[in-house]
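Biologist: Please take a close look at one part of this model, the open sheet, and at what lies around it. Set out the pairing first, then go on to the pockets and the core.

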Amino acid sequence: MHTIPLFEAPCVREPRHAPVAHLVRGGVTEGVHYGSVVVLDATGDAVFRLGDPEAAFYPRSALKPLQAVAMVRAGLPLEGDLLSLAAASHSGEERHLDGTRRILRLAGLSEDRLRNVPDLPFDPAVRDTWVREGRGPSRLAQNCSGKHAAMLYTCVLNDWSLDDYLDPAHPLQQAVADTVQDLTGQRIAHVTVDGCGAPLFAVSLHGLARAVARITTAAPGTPEARVADAMRAHPEMVSGADRDVAALMRAVPGLLAKDGFEGVQVAALPDGRAVAVKIADGANRARIPVAAAALVRAGVDPALLTGFAGETVLGGGEPVGRVRPVAELGEIPEPACA
């Protein structure tokens, strides 16, 4: 039996976002990205807030580590690369397709039991190759296929129905909802459907950071620790070989990180320090530099994060600026010239 949520549901309101990043061209601020940020210390206290981290929002795929914990709690026996894939927004590389097939084989199921939305691979280079080969949208190639295969396997192990496994009233999704409330420490504010078809639960940015911190600080062998260990050991399965989330986990020892569509990023260290970011306009270019600056606020050595200083702005093919976190967050040192 898990603990009862500590707090009520976060308020559903128009978020009171604040500026979190500037697009600077030639020394002049050309654009402003609004959003919200929260930083937790190792005791779980929020030591930095910007914007509105207490409002209800949708974590999108940043919720996947929590969904994976729910499945392991329900008996999912996966470990290593396959458990990492169960929490992934993968690029559609062959390793991801093969891993999803392996999970389905363990469940004794075929690909046609997947109920995620058919799509092309997420990674542009992988997608271009896929299209050149004349291949169309596929449930297997869609970035959530590993999670869906793991959901089906969990249902098989529990003798739960398969055709309706995405119904919010299904025992699997009820187990996920219970885990989300347990780990975030708050009641779910609203339920909708994510892009892949799975139920999506609205919590607060603060609650999301708290949940991932609880995953990284859990005792060895627990479902939470198994998920954290798998994701950190196989970051290329969580995203892709060339994705920024995998690079961030490789750069910072012990870091667990997960992104989500519409500008969401969460990350936590083994001692419970954690950050969570929401970019209001969903801009991917602001997500990582803001998250990196928040990690520095959490005490991570800035030298580990120089590769995440922000996207370079070009003029005439030459660097003329950069996407920079706002002054309240602080600067990330840019990489030294080779």
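Modeller: Two strands count as paired if DSSP finds at least two bridges between them. In this predicted model, an open sheet of 3 strands follows the order β4-β6-β5, and the pairing is antiparallel. Because β4 (56-57) and β5 (190-193) stand at the edges with a single partner strand each, one side of each has no neighbour in the sheet. Between β4 and strand β6 (residues 199-204) there are 2 bridges, and these strands run antiparallel. Ser204 in β6 is the bridge partner of Ala56.

The second largest pocket has a volume of about 230 Å³. It is lined by 15 residues, and Pro15, Ala55, Ala56, Phe57 and Tyr58 are the closest to its centre. Ala56 thus appears both in the bridge to Ser204 and in this lining. By class, the lining of the second largest pocket holds 8 nonpolar, 3 polar and 4 charged residues.

The largest pocket, with about 340 Å³ of space, has a lining of 3 nonpolar, 7 polar and 8 charged residues. Phe122, Arg243, Asp259, Asn284 and Arg287 lie nearest the centre of this pocket. β7 (256-260) and α11 each give two or more residues to its lining, and β7 gives the most, with 3.

As for the core, the largest nonpolar one has 102 residues, and Val37, Leu66, Leu305 and Leu329 have the most contacts inside it. Helix α11 (residues 284-297) gives the most to this core, with 8 residues. Leaving aside neighbours within four places in sequence, Leu66 is in contact with residues including Thr179, Leu183, Leu208 and Ile215.

Key
Residues are numbered from 1 along each chain as its sequence is written. This is a predicted model: local features need pLDDT of at least 70, side-chain atom pairs count only at pLDDT 80 or more; totals for chains, interfaces and linings use all residues. Side-chain values use heavy atoms; hydrogens and water are left out. A nonpolar core is a set of buried Ala, Val, Leu, Ile, Met, Phe, Trp, Tyr and Cys residues joined through side-chain atoms within 4.5 Å. Buried means under 20% relative accessible area, exposed over 50%, partly exposed in between (1.4 Å probe, protein chains only). Helices (H or I, at least four residues) and strands (E, at least two) are DSSP runs, numbered from the N terminus. Contact means heavy atoms within 4.5 Å. On a 1 Å grid over the protein atoms alone, a cavity is a set of points where a 1.4 Å probe fits but cannot get out, and a pocket is an open set with protein on both sides within 12 Å along at least five of seven lines; lining residues have an atom within 4 Å of a point. Grid points are joined across faces, edges and corners, and a volume is the space filled by probe spheres set on the points. Ala, Val, Leu, Ile, Met, Phe, Trp, Tyr, Cys and Pro count as nonpolar, Asp, Glu, Lys and Arg as charged, and the others, Gly among them, as polar.
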